[in-house]
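Here's a quick question-and-answer run through a protein model. Have the coordinates open as you read, and try each one before looking at the reply.

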Amino acid sequence: MKFRISKEAFLDGLQKVQHVVSTRTTLPILSNVLLVASNGRLQFTTTDLDVGITGSVEAQIERDGATTLPAKRLVNIVRELPASEVEVSVDAKNVASIQSGPSFFKIIGLSQDEFPPLPDFGGAKEFRIPQIVLRDGLRKTSYAISTDETRYVLNGIFTSFREGKLTLVATDGRRLAMMENDLEFPASHETDVIIPTKAVQELQRLLGDAGDVLVRLSESQISFIVGESLLVSKLIEGNYPNYRQVIPGDSTERVPLNREAMLETVRRVSLLSSDKSNSVKLVFGENQIEVTANSPDVGEARESMDVAYTGKAMQIAFNPDFLKAPLQNLDAETVYLDLIDEMSPGVIRIDGSFLYVLMPMRVTGG
């Protein structure tokens, strides 16, 4: 195979697929990127057997063909090339010669025959979702995915297609983020799946503002077609916990908060939260909220904010990182903190179908 390509296009194509490449692998082929040159395009594919991704860019193809080359090494070479045009030729033994300006590299690859094929989605259920809806939903929920590998069903986003709605849920047992959107699909397509973290991360890199993403679902796999890119992933098997049980009932207090101001306040005050308790306390009084943190060995911090609050005096403590997470990933100007009492979970909501449940922490000392 032989092709000419601009350095920018070559690098762009590689960077879109390089994150899937397995770093710890016993199969050398999984460290490689599959390159296929034909019909004026160069196609890139990588897989770690759980997640696979394919994309393509324009190239001048002088001789069709396919090979696989070490992905990380190829990215590093292309990034450093001195000229904007690159010429690549690959011989029958999968040795690639790369020429760019005065630079010349030779890399030894492996035959494309060894590269595992991506799964086929013939007869799969299909859904069309506006890219911006899915991107927004993942941004507002994915930070709450559990990283605890012993609870593997929580290591992904629970995705439900039911009653004309797309529902996305992530939880690690101490907090839960949920987003719902209306979506049209046939009743026969109703289903629930768990999309693993790695696929969620890759999908977030691919999604843009315009156009739809085509989602295909088979028994154990999911695929996303976004523009020129295809992402496929195994699904997490198992039963997701009944997340609706942890969403508290009616709150006794609703506190409107300026999202940006609250985020900045919690960020500053939490600088003095102790490593041991890692909590900030919210103390509610008439028309104000005081955010405090103290660490016996270090000191204390407090900051007050004016808020529209006329309820009873109350205090509740939260993990500051968990409190900041939704504030960083929402874009609404005002968020609402719904509270029942000092021992019940708090719920952050916005004008829209998002909610975030946050377990309170026990407070010790002043």
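Q: Is F284 buried or exposed in this predicted model?
A: The model is predicted, so we're going by computed accessibility here. F284 has a relative accessibility of 2%, and the cut-off for buried is under 20%. That makes F284 buried.

Q: Which residue forms an aromatic pair with F284, and is it stacked, edge-to-face or tilted?
A: The two rings sit 5.2 Å apart, centre to centre, with 40° between the planes. Planes under 30 degrees apart would count as stacked and over 60 as edge-to-face, so neither of those labels fits. The pair is tilted, and the partner of F284 is Y309.

Q: How many residues apart in sequence are the parts that the pair of F284 and Y309 ties together?
A: F284 belongs to strand β19, residues 280-285. Y309 is in the loop between β21 (299-306) and β22 (314-318). The pair therefore links parts whose separation in sequence is 25 residues.

Q: Is Y309 buried or exposed?
A: Again, the cut-off for buried is under 20% relative accessible area. Y309 comes in at 1% relative accessibility, so the residue counts as buried.

Q: How many aromatic pairs does a search of the whole structure find?
A: A pair needs ring centres within 6.5 Å. Searching the whole structure with that rule gives a total of nine.

Q: What kind of pair do Y143 and Y356 form?
A: Their ring centres are 5.9 Å apart and the planes meet at 50°. That angle is neither under 30 degrees nor over 60, which means the label is the remaining one. So Y143 and Y356 are tilted.

Q: How far apart in sequence are the parts tied together by Y143 and Y356?
A: Y143 is in the loop between α3 and β11 (156-162). Y356 is in strand β25, residues 354-358. Both residues are buried. The pair ties together parts with a sequence separation of 213 residues.

Q: Which residues form one aromatic cluster?
A: Look for the phenylalanines that are grouped together by their rings. The cluster is made of F3, F10 and F44.

Q: How are α1 and α2 oriented: roughly parallel, roughly antiparallel, roughly perpendicular or oblique?
A: Helix α1 (residues 7-17) packs on helix α2 (residues 71-80) with the axes 9 Å apart and an angle of about 150°. Their crossing is left-handed. Angles over 145 degrees get the antiparallel label, so α1 and α2 are roughly antiparallel.

Q: How many nonpolar residues are in the contact of α1 with α2?
A: On the α1 side we have K7, F10, L11, L14 and Q15, and these meet L74, V75, V78, R79 and E80 in α2. By class, three residues of this contact are charged and one is polar. The number of nonpolar residues is six.

Q: What is the orientation of α3 and α4 to each other?
A: The axes of α3 (residues 131-141) and α4 (residues 197-206) come within 10 Å and cross at roughly 135°. The crossing is left-handed. An angle of that size falls outside the parallel, antiparallel and perpendicular ranges, and α3 and α4 are therefore oblique.

Q: Which residues of α4 make the contact with α3?
A: From α3, the contributors are Q131, L134, L138 and R139. Across both helices the contact divides into five nonpolar, two polar and one charged. The α4 side is made up of V200, L203, Q204 and L206.

Q: Which residues does S229 touch, leaving out those up to four places away in sequence?
A: S229 is in strand β17, residues 229-234. At 10% relative accessibility, S229 counts as buried. Its contacts are K16, T54, G55, L206 and F224.

Q: Is E163 buried or exposed?
A: E163 is in the loop between β11 and β12 (165-171). Its phi is near 50°, a positive value in a residue other than glycine. The relative accessible area is 73%, so E163 is exposed.

Q: What is the relative accessible area of N287?
A: N287 lies in the loop between β19 and β20 (288-295), with a positive phi near 55°. The residue is partly exposed, and its relative accessible area is 37%.

Terms used. Residues numbered from 1 in each chain as written. Predicted model: local features only at pLDDT ≥ 70, side-chain atom pairs only at ≥ 80, totals over all residues. Heavy atoms only, no water. Axes fitted to C-alpha atoms, helices over the stretch in contact; angles between N-to-C directions. Helix = DSSP H or I, 4+ residues; strand = E, 2+ residues; numbered from the N terminus. Parallel < 35°, antiparallel > 145°, perpendicular 65-115°, else oblique. Left-handed = near helix turned anticlockwise from the far one by under 90°. Contact = heavy atoms within 4.5 Å. Nonpolar A, V, L, I, M, F, W, Y, C, P; charged D, E, K, R; others polar. Phe/Tyr/Trp six-rings, centres within 6.5 Å; stacked < 30°, edge-to-face > 60°. Buried < 20%, exposed > 50% of the residue type's maximum accessible area, 1.4 Å probe, protein only.
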